[in-house]
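Student: I have a structure to go through. Can we take it step by step?

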Amino acid sequence: MAKRNRTNPVQFYLSNDEQYILNTKFKASGMKSMSAFLRKLILYGYVYDS
């Protein structure tokens, strides 16, 4: 297996409503990885359908 470039884990807590919104936006994005979705959202402030 290749060495990972990302070695810093991040953990945070969401309310049920926030979790629902996150899941809804993630599913709408069409992305396959929640981690990739969150990284893109953090770095660019938005995620477009690909």
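Tutor: Start with a definition: helices are DSSP runs of H or I with at least four residues, numbered from the N terminus. Keep in mind that this is a predicted model.

Student: Which residue follows α2, with a positive phi?
Tutor: Look just past the end of α2, which spans residues 34-44. The residue there has a phi near 80 degrees. That residue is G45.

Student: Which residue caps the N-terminal end of α2?
Tutor: Look for a side-chain oxygen facing the backbone nitrogen of S35. The two atoms lie 3.3 Å apart. A polar contact needs N or O atoms within 3.5 Å. The capping residue is S33.

Student: What kind of aromatic pair do F26 and F37 form?
Tutor: A search of the whole structure finds 1 aromatic pair. The ring centres of F26 and F37 are 5.6 Å apart, with 65 degrees between the planes. Planes over 60 degrees apart count as edge-to-face. So the F26 and F37 pair is edge-to-face.

Student: Why does the pair tie together separate parts, and how many residues apart are they in sequence?
Tutor: F26 lies in helix α1, residues 16-29. F37 lies in helix α2, so the pair ties together parts whose separation in sequence is 11 residues.

Student: Is F37 buried or exposed?
Tutor: Buried means under 20% relative accessible area. F37 has 4% relative accessibility. Its partner F26, at 15%, is buried. F37 likewise counts as buried.

Student: How much accessible area do V10, F12 and L14 have together?
Tutor: These residues form a nonpolar patch on the surface. F12 lies in the segment before α1 and is partly exposed at 48%. Together, V10, F12 and L14 have about 300 Å².

Technical notes
Residues are numbered from 1 along each chain as its sequence is written. This is a predicted model: local features need pLDDT of at least 70, side-chain atom pairs count only at pLDDT 80 or more; totals for chains, interfaces and linings use all residues. Side-chain values use heavy atoms; hydrogens and water are left out. Rings of Phe, Tyr and Trp (its six-membered ring) pair if their centres lie within 6.5 Å; planes under 30 degrees apart count as stacked, over 60 as edge-to-face and the rest as tilted. Buried means under 20% relative accessible area, exposed over 50%, partly exposed in between (1.4 Å probe, protein chains only). A polar contact is a pair of N or O atoms within 3.5 Å; within protein, one must be able to donate a hydrogen and the other to accept it, and residues adjacent in sequence count only if both atoms are side-chain atoms. Patches are made of residues with over 30% relative accessible area and no salt bridge: like charges are joined within 9 Å, nonpolar side chains (Val, Leu, Ile, Met, Phe, Trp, Tyr) within 5 Å. Accessible areas come from the Shrake-Rupley method with a 1.4 Å probe; for residues, only the protein chains shown count as cover. A salt bridge is a side-chain nitrogen of Lys or Arg within 4 Å of a carboxyl oxygen of Asp or Glu.
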